[in-house]
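Biologist: I am new to this structure. Please take me through it, and say how each label is earned.

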Amino acid sequence: METFELPQIWERLTDKLSHATSESNMDMYIRQITPLRLENDIIYCSVPSTTLCSAIQQNFLPLISAALKEITNNNNIQVELNIKNQNSLDVPKETYKAKSLFSEDEKSKDTSFESNINKKQRFETFVVGNSNRFATAAAQAVAKDPGNVYNPLFIYGNSGLGKTHLMHAIGNAILEVNPGAKVKYVTSETFTNEIINAIQNHTVKDFQEKYRTIDCLIIDDIQFLENKERTQEEFFHTFNALKEANKQIVISSDRHPQSMDKLEERLRSRFVNGLTVDIQPPDLETRIAILRKKAELENIEMPNEVIQTVAISIDNNIRMIEGAFNRIVAYADLMHMPIDMKVTAKILEDFGSHTRQNITIENITNHICNFFNLQKEDLIGKKRPKNIAMPRQIAMYLCRTLTDSSLPKIGQYFGGRDHTTVIHACEKIDKLRKEDKSFDNQIQQFEEKIRSL
Ligand SMILES: Nc1ncnc2c1ncn2[C@@H]1O[C@H](COP(=O)(O)OP(=O)(O)OP(=O)(O)O)[C@@H](O)[C@H]1O
């Protein structure tokens, strides 16, 4: 048997896994593992947090074990993951308070400095669910110890999923402890415009002085810098100056740095050098919790039924969920109506036409009938034989998530059932998807197939 030292084994392992899983998984999970020692066929490793530990155990341990067996040619080799004591990502809510950035007398007296931090977007108003748990933990860790733990912190994900909110939350948490700190939120668009102006007005030096003396730079939508060579050049130097001075940098983007083709390599590699975290679309439970939180913050009584219907109807963009909420409240107020299902159905109808693709209830029904080998009359009929209940619930769920159709319309189509039956079906399928990976895969396949019809 060939014998290797632990660093060699680990190097071969990461190399092997990089061919088996995505770059983002490598960054987010595999490269977070630190091998400590090899003893009696066990590789003892540390990982930064319990959240990360269980994610790695659930998703990557079999892959890691198989690769290690192959590399070491030893079938008994095992990995044991332990939580690192320091820099834990699992920061309880009360303890994400930032460390002091500098001593009182060093605090900035620059009164003209504008932080642009939105005071309302805080950790306290951010609902945490499976889709954003890791990103939130990372943001809290950065807020607690800016410049020292994950620098830069790179948050990516689709539009309207909470990246900006999390970034402002970091800024607010730092400012709470360091009111004089220079924490600046800026969009990449503003950053670009400021450079253009500085060049035109011959004030590039002022621009550089302004950005290179910041304690925490929060820059949103960095993908906007793609193709903008001069701005990338300036940002590169700003980044280096801040990083060298141990100042915190937080960046957001709609995609992983490796997918930003028009970004200079030197920036891309710097972005992945800290911690890269993604935010996924929220599950149903989180969408409901976000709506409840919003109702609570705005002191609005919103019936459960309305909250559930909005959460089920809009599933991939929290900004749109908030938009629907605001419009329901405004419509009810202006029309002197109660916030009820009637108002909700009216507003969601408008939303639906903008959010859904051209998929019909009929397409979905036919596809599910073919798959389960059922007669259409049975699937949409009133009978309740056991073998039909589950396919019917899946079909209702897919109609709700993939089409514009309102809950009452779907209920009506499936044997004149009430909209609450559709809500029940959606909740059940959503729960099963979370509990059972293979069930989730199957539903994903249905979704992909139906979208491609
Ligand atoms: N988990 C959450 N809890 C509470 N509110 C949230 C959450 N996620 C997002 N929001 C709210 O949803 C809205 C959209 O979020 P945000 O602007 O942060 O999205 P984004 O990912 O930055 O989108 P974009 O890429 O389009 O800029 C905001 O009003 C934000 O407060």
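Modeller: The protein chain has 20 helices and 8 strands. Keep in mind that the model is predicted. Of its 453 residues, 38% count as buried.

Biologist: What makes Lys163 buried or exposed?

Modeller: A residue is buried if 20 or more other C-beta atoms lie within 10 Å of its own. Lys163 has 26 such neighbours, so Lys163 counts as buried. Lys163 sits in helix α6. Leaving aside neighbours within four places in sequence, Lys163 is in contact with Ile155, Gly157, Ser252 and Ile279.

Biologist: And why is Gly160 called partly exposed?

Modeller: The label exposed needs 12 or fewer C-beta atoms within 10 Å, and buried needs 20 or more. Gly160 has 16, which lies in between, so Gly160 is partly exposed. Gly160 is in the loop between β4 (153-156) and α6 (163-177). Not counting residues up to four places away in sequence, Gly160 touches Asn317, Ile318, Arg319 and Met320.

Biologist: Which residues does UniProt mark as "binding site"?

Modeller: The unreviewed UniProt entry places that feature at Gly160, Gly162, Lys163 and Thr164.

Biologist: Which residues of the model are closest to the ligand?

Modeller: The ligand is surrounded by 17 residues, and the closest are Ser159, Gly162, Lys163, Thr164 and His165. Helices α6 and α13 (318-334) are the elements that give two or more residues to this shell. By class, the shell has 5 nonpolar, 8 polar and 4 charged residues.

Biologist: How do you know that the length of helix α17 agrees with its residue count?

Modeller: The expected span is 1.5 Å times one less than the number of residues. Helix α17 (residues 386-402) has 17 residues, so the expected span is 24 Å; the end C-alpha atoms are 25 Å apart, which agrees.

Biologist: Which residues of α17 are buried, and what do they pack against?

Modeller: Among the buried residues of α17 are Arg392, Ile394, Met396, Tyr397 and Leu402. The buried residues of α17 pack against α12 (304-313), α15 (361-372), α16 (376-379), α18 (407-413), α19 (419-435) and α20 (437-451).

Biologist: Where is the largest nonpolar core centred, in terms of contacts between its members?

Modeller: That core has 92 residues, of which Ala138, Val142, Ile170 and Val310 touch the most other members. Helix α5 (residues 133-144) gives the largest share, 8 residues. A second, separate core has 7 residues, including Ile43, Cys45, Val47 and Ile56.

Biologist: What makes Asp41 and His202 stand out in the backbone?

Modeller: Most residues other than glycine have a negative phi. Asp41 is not a glycine, yet has a positive phi of about 70°. His202 also has a positive phi, near 55°. Asp41 lies in the loop between β1 (34-39) and β2 (42-47), and His202 in the loop between α7 (188-200) and α8 (204-212).

Biologist: Why are Asp41 and His202 called exposed?

Modeller: The cut-off for exposed is 12 or fewer C-beta atoms within 10 Å. Asp41 has 12, so Asp41 is exposed. His202 has 8, so His202 is exposed.

Biologist: Which residues are joined by a cis peptide bond?

Modeller: Asn151 and Pro152 are, with omega about 5°. Pro152 is in the loop between α5 and β4.

How values were computed: Residues are numbered from 1 along each chain as its sequence is written. This is a predicted model: local features need pLDDT of at least 70, side-chain atom pairs count only at pLDDT 80 or more; totals for chains, interfaces and linings use all residues. A nonpolar core is a set of buried Ala, Val, Leu, Ile, Met, Phe, Trp, Tyr and Cys residues joined through C-beta atoms within 7 Å. Helices (H or I, at least four residues) and strands (E, at least two) are DSSP runs, numbered from the N terminus. Two residues are in contact if their C-beta atoms, placed from the backbone, lie within 7 Å. UniProt positions are given in the numbering used here, feature names are shortened, and annotations may be inferred rather than shown by experiment. A residue is near a molecule or strand if its C-beta atom, placed from the backbone, lies within 6 Å of it. Ala, Val, Leu, Ile, Met, Phe, Trp, Tyr, Cys and Pro count as nonpolar, Asp, Glu, Lys and Arg as charged, and the others, Gly among them, as polar.
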